[in-house]
Every structure is written in C-alpha cells, then in structure tokens.
Amino acid sequence: MKLRKSGVSIGKIEHHLGIPRSTLSSWFKNIELTPAQKKKLLRDWRNGLVKARKKAVRWHNAQKESRFQEAKKQAQDVINNIDTHNLQILELALAMLYLGEGTKKKIETSLGSSNPFILRFFLGALKRIYNVSIKKVGCQLYLRADQNPQAMRRYWAKQLGLPIASFKQVNIDKRTIGTNTYSNYKGVCSVRCGGAAIQRRLIFLADLFCKQFISEDVHLKNMRP
C-alpha cells in the first residue's frame, strides 16, 4: 500500500513482491494517485512500451536471421550434391529461367530483367552451352525519364561485361516524367542473342521437363493406396 501511494505502478509491485495483479487491484481500488503521479506512470508506461517494441524487433530480426541462415545452408547442401559443370543441368536451369522470364512472342532469343545477376547468368550459360559470341549480343534499355542514357549504358556494360556498342537502343518511359527514380534502380535491360533456334530449344526443353514431371507425379499419386 505504501508503494502504491508513493506512485509505484501495479506492474512493478507485482514483479517485486510476487503478489497477483488481481489481488493488488482489489487492494488499491480506493487509493487515489496525484496528477503528477498519474503523469509519471503514463510516461513510464509509454517508455516501457517503446522498449518492449524495440526488444520485440530485435527478437524478430534474430529469428529471421536464423531462418535465413538455415535456408542458406539447405541451399548450399543442394548445390554441393549437384555437378554444376554438367551442361545438361545448366541447360535445364537456363530453360526454366527462360520459360519464366524469356521472350516468347518475338522470333528471337532474348531475356529482360532489372537484375544484372540474372542477365550475367543468362549470358554466361548461353556462351558455355551454345558458344554464343559476344558480337551477336545486342541490348536494349528501358529507362525512366530522369535517368541518364549514357550513364545507364556504362552501368549495364560494366555489369554484363559487354562493350558500350552493344547498347544501341534506349527507350524512355514518358509516363515517368516529373517523378523521381530510386538511386538503386537502373532500369530494365533486355539482352538479345540472335534468332529463334536457341529460343525454341529452351522452350521445348522446359515444356517437356514440366510435362514429364507432372505425368510422373500423377502416375505416382494414382498408385498410392
């Protein structure tokens, strides 16, 4: 009772003395705190809430990092059991990428992305599997109105290891005039490497693989009791 009359919160009294909050509330129902005490309790409650939120964020981030590292380890275990030098595996990976991201309406082998990492894989796989020459590679940029075409040409040329001459076409999206672009956004680069021969091969490969997998999966399900 003395602690409460001095302005100590019910929560702190409960914690220090081990008396249930319901019991304390009953004991303190007739104790009237001063305006200053109420103000202090409110301030302490708000500060405590901020600390609790920060603690929750730290815990959440730690859990997220733990899950991230576990997923990374699992992925590495898969890679360790794959022969990454096997051209058939590489071609299948390229085919699945092309099925999802590659050009299909036009009669050409091309793929567009805002991620240089994906395009580096695309170019590297084309060179290793089909011996595609850099001279046959052409690139087209799709930029926002406030982006500098020459600077973006240099950026993508460096990222993909291609000569500036490969970047002949630049398209500006006029709908973006008057709006600011995030500094880490470098537009979309579309990489083309010639006609439809490779395109057809990749699409058929991905299509046949998916159909075979689905067929086998359905067959196994029908065999289950």
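A residue counts as buried at under 20% relative accessible area, exposed at over 50%, and partly exposed in between, using a 1.4 Å probe and only the protein chains. Glu-91 makes a good first case: with a relative accessible area of 9%, Glu-91 is buried.

Before going further, a word on what you're looking at. This is a predicted model, in which local features need pLDDT of at least 70 and side-chain atom pairs count only at pLDDT 80 or more, while totals for chains, interfaces and linings use all residues. Residues are numbered from 1 along each chain as its sequence is written, and side-chain values use heavy atoms, with hydrogens and water left out.

Let's start with the overall layout. The protein chain has eight helices and four strands; these are DSSP runs (H or I of at least four residues for helices, E of at least two for strands), numbered from the N terminus. Walk along the sequence and the pattern reads α-α-α-α-α-β-α-β-α-β-β-α. The radius of gyration, taken over C-alpha atoms, is compared here with a globule rule of 2.2 Å times the number of residues to the power 0.38. For a compact globule of 225 residues that would be near 17 Å, but this protein chain has 31 Å. Along the principal axes, the C-alpha atoms fill a box of roughly 85 × 65 × 30 Å.

Of the 225 residues, 26% count as buried. The accessible surface comes to about 16,500 Å², and carbon and sulfur atoms own 57% of that; the areas come from the Shrake-Rupley method with a 1.4 Å probe, and for residues only the protein chains shown count as cover. As for contacts (heavy atoms within 4.5 Å), take those with a separation of 6 or more: residues 24 or more positions apart account for 74% of them.

Now back to Glu-91 and its partner. Glu-91 forms a salt bridge with Arg-201, the closest N and O atoms being 2.4 Å apart. Glu-91 sits in helix 5 (residues 87-101) and Arg-201 in helix 8 (residues 197-223), so the pair ties together parts that are 110 residues apart in sequence. A salt bridge here means a side-chain nitrogen of Lys or Arg within 4 Å of a carboxyl oxygen of Asp or Glu. While Glu-91 is buried, Arg-201 is partly exposed at 47% relative accessibility.

The structure holds eight salt bridges, and two others are worth a stop. Asp-77 pairs with Lys-73, with 3.3 Å between the closest N and O atoms. These two are four residues apart in helix 4, so about one helical turn separates them. Both ends are partly exposed: Asp-77 has a relative accessible area of 32%, and Lys-73 is at 49%. Then there's Glu-32, whose side chain meets that of Lys-38 at 2.9 Å, N to O. Glu-32 is exposed at 61%, whereas Lys-38 is partly exposed at 43%.

Stay with helix 4 for a moment, since Gln-37 is there too. Gln-37 is buried, at 16% relative accessible area. Its side chain reaches the backbone nitrogen of Thr-34 at 2.9 Å. Leaving out residues up to four places away in sequence, Gln-37 touches Lys-5, Ser-6 and Gly-7.

Ile-79 also belongs to helix 4, which covers residues 35-80. Ile-79 is partly exposed at 43%, and with Val-78, Ile-82 and Ile-89 it forms a nonpolar surface patch with about 310 Å² of accessible area together. Patches are made of residues with over 30% relative accessible area and no salt bridge, joining like charges within 9 Å and nonpolar side chains (Val, Leu, Ile, Met, Phe, Trp, Tyr) within 5 Å.

Finally, two loops. Pro-163 lies between helix 7 (149-160) and strand 3 (167-173) and is partly exposed at 41%. Apart from neighbours within four places in sequence, Pro-163 is in contact with Ile-134 and Ala-157. Pro-163 and Lys-5 are 158 residues apart in sequence and 79 Å apart in space, C-alpha to C-alpha.

Asn-131 is in the loop between helix 6 (116-130) and strand 2 (138-144), and it is exposed at 63%. Most residues other than glycine have a negative phi. Asn-131 has a positive one, near 55°.

Technical notes:
Polar contact = N/O pair within 3.5 Å; in protein donor to acceptor, adjacent residues only side chain to side chain.
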